[in-house]
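Visitor: I should like to examine the sheet, the salt bridges and a helix pair of this chain. Please show me the sequence and the structure.

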Amino acid sequence: MCGISGLISSDILSANDIAAVRAINARLLHRGPDSDGDFQADHAMLAMRRLSIIDLAGGRQPLFNEDGNIAIVCNGEIYNHAALRDELKSLGHRFSSMSDVETIVHAYEEWGNDCLARLRGMFAFALWDGRSNKLLLARDRLGEKPLFLHRSPDGSRLWFASELAAVSQVMPRPLRLSPEAFNLFLTFQYVPEPVTPLIGLEQLPAGHYLELAPAALDARPVPYWNLLDIREDPSEPVRTTEEILDDACRLMGTADVPVAVALSGGIDSSLVAALTAKHFPGQIHAFTIGYEGRPESDERNFAQTLAHELGIGFTEVELRTADVVDRFPQLISAMDTPIGDIAAFGYYSVAEAARAAGYPVLLSGLGGDEFFWGYQWVREAMTRNEALQAGKPVRQSWWHRLLGHKATTTMEFFGVHPDLRNGDANSRRIMPEAARQALPHDLWLSETRLDKSLPLHLATTELLNRTWLRSNCLTLIDRMTMAHSVEGRLPLLDVQLVERVTGMRNSGLADWHQPHKHLLVEALRDALPADVLSRKKQGFTPPIGKWMSGIVQRYLPLLADGALVRQGLIRPEVADGGLGGYDQFFLYKLVLLECWSRRHIEGEELTVGAPSKREHARV
């Protein structure tokens, strides 16, 4: 796991270019505290900061092929590197290390860009091919690892880095938060790809590569992954799921450093803990979040009991409301892109505790809800849209009737959520006229429409994964773990699992009609106690009201003369006393975006702890 950066230029690199890349790379220290390195060609430079996980001594990057004319820097892990290495050795390739990243170099030598289809893992890498004088940038299929891009205004350079905070150093000043990002964040609580927060900033889409040459810097990303045509025998879905999950936990539990698991006590994290502990008895350690006063959502006792039954170590981390409020600026500094998910505090704290205890790898159950129909509203959307597709009448759920919703006659997904519509309307209401006029009328809906060219199950999971999973969940776990130099691994999003389960669905498996998380529950029936399988996943479920109230009270006064006013995105009279009619979650998102803009756009070091006298006067 690393942070990577670099550039490709139509001109021969200057001393300023080289210095700029090294400055960008230095901003990624937290992603790779163990070593750094760089590679220079006439028109390109690659740099990296390394977090040593596999081959601690020999895996320092950049890594090269036998002739030294192909170089790579990579952020991520290739879980099937051992099998790939054996195959490539049989084809005559010679390895200089046991690093998982070196397998990419030789796979590229052997298969070119088609090597991407053979990588089972999470990654964002930059590979310089000196034989053809071209740069290959690539990102993993689901988007676990980020890669931001900036093309210089004159078109002569393309810069890249693992984080916005790093690559934005070479962007023209002043940095600008786009009206689109402002609106979408206050609607969703995150900025859904392909939109990025800053004007002039791009992100390489998940499951895409970008091939660049010094004379062709205007190339566009190319997709390399398509789930539509995958077919898998659906006759034994439980056995297939169990086998792949077991293999994924074995592969992701393999490291040359200690490995831990974030354990909430629900199905998803419990199965990850159980399967991993089976392969690595006595080696896994569990970390669990709790809350002061032990409210109903506190799962420490249950998680501790499970850890004892599995024979793994256990550490609990209690989050106090006062600490959450005081440390909010630290969270914002680590966030890189704004995310309003309150679970951020849990991920941040559990990663901090894992690193402090000497565990640089942290497994998580993230992805179970998103890929195995864990959200009731998603299952309802599938059922409703199936009926519409078949021309049948749609029965509304009880909560739709309670809210007075009219029966829908068109296929939709996020459109059923009043919170999203309210967030969109509220954000437009507080914007100056010029900024509001820059927004398309249905901007948020245009980013969240079902692709009706796909089978409905695939369109639904694709949309959920393209928005909520990728831009909220995966982004959050990457930033919160890497802030503490911890590598987060996600067995429930193993690419082979995603492909083969999707293949079974493409061949007729309709598991969304089965009980809650049917495939996971049945696959793990022999691995987990019955009371675990009967519980619904809570995950990080904090005392939201207390946390948000404390943060809003402490930091809302910053809006009155703040960055969002200076950016021309909030009317000054609204920011200074005109926010009384808005709900707490909307105010929390505003406060978060204000603090994020001060830190990541204006470079202000936010004060940690008690507010200033000026802030006290406004609260």
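The questions and answers below take up these topics in turn.

Visitor: What kind of model is this, and what pLDDT do side-chain atom pairs need in order to count?

Guide: Side-chain values use heavy atoms, with hydrogens and water left out, and residues are numbered from 1 along each chain as its sequence is written. This is a predicted model, in which totals for chains, interfaces and linings use all residues, local features need pLDDT of at least 70, and side-chain atom pairs count only at pLDDT 80 or more.

Visitor: In what order do the strands of the open sheet of five strands lie?

Guide: Strands (E, at least two residues) and helices (H or I, at least four) are DSSP runs numbered from the N terminus, and two strands pair if DSSP finds at least two bridges between them. The pairing in this open sheet is parallel. Strand 15 (313-319) and strand 17 (487-489) are the edge strands, each pairing on one side only. The order is 15-14-13-16-17.

Visitor: Which residue of strand 14 stands opposite valine 261?

Guide: Strand 13 (residues 259-262) and strand 14 (residues 285-291) are paired in the parallel sense over three bridges. The residue of strand 14 opposite valine 261 is alanine 286.

Visitor: What angle does helix 11 make with strand 14?

Guide: Helix 11 (residues 344-356) packs on the sheet and touches strand 13, strand 14, strand 15 and strand 16, where contact means heavy atoms within 4.5 Å. Axes are lines fitted to C-alpha atoms, for helices over the stretch in contact, and angles run from 0 to 180 degrees between N-to-C directions. The angle of helix 11 with strand 14 is about 135 degrees.

Visitor: How far apart in sequence are arginine 31 and aspartate 478?

Guide: Their side chains form a salt bridge at 2.9 Å, N to O, the term requiring a side-chain nitrogen of Lys or Arg within 4 Å of a carboxyl oxygen of Asp or Glu. Arginine 31 lies in the loop between helix 1 (15-26) and strand 2 (35-40), and aspartate 478 in helix 18 (residues 456-482), 447 residues apart.

Visitor: Are arginine 31 and aspartate 478 buried or exposed?

Guide: Buried means under 20% relative accessible area, exposed over 50%, and partly exposed in between (1.4 Å probe, protein chains only). Arginine 31 has 0% relative accessibility and aspartate 478 has 1%. Arginine 31 is therefore buried, and aspartate 478 is likewise buried.

Visitor: Which residues are linked in a network of salt bridges?

Guide: By the rule stated above, the count comes to 47 salt bridges. The linked residues are Arg31, Lys145, Glu163, Asp336, Asp478 and Arg479.

Visitor: By about how many helical turns are arginine 598 and glutamate 594 separated?

Guide: The side chains of arginine 598 and glutamate 594 meet in a salt bridge at 2.6 Å, N to O. Both residues lie in helix 25 (residues 584-600), four residues apart, so their separation is about one helical turn.

Visitor: Are helix 22 and helix 25 parallel or oblique to each other?

Guide: The axes of helix 22 (residues 544-555) and helix 25 come within 9 Å and cross at roughly 50 degrees. Angles under 35 degrees count as roughly parallel, over 145 as roughly antiparallel, 65 to 115 as roughly perpendicular and the rest as oblique. Helix 22 and helix 25 are therefore oblique.
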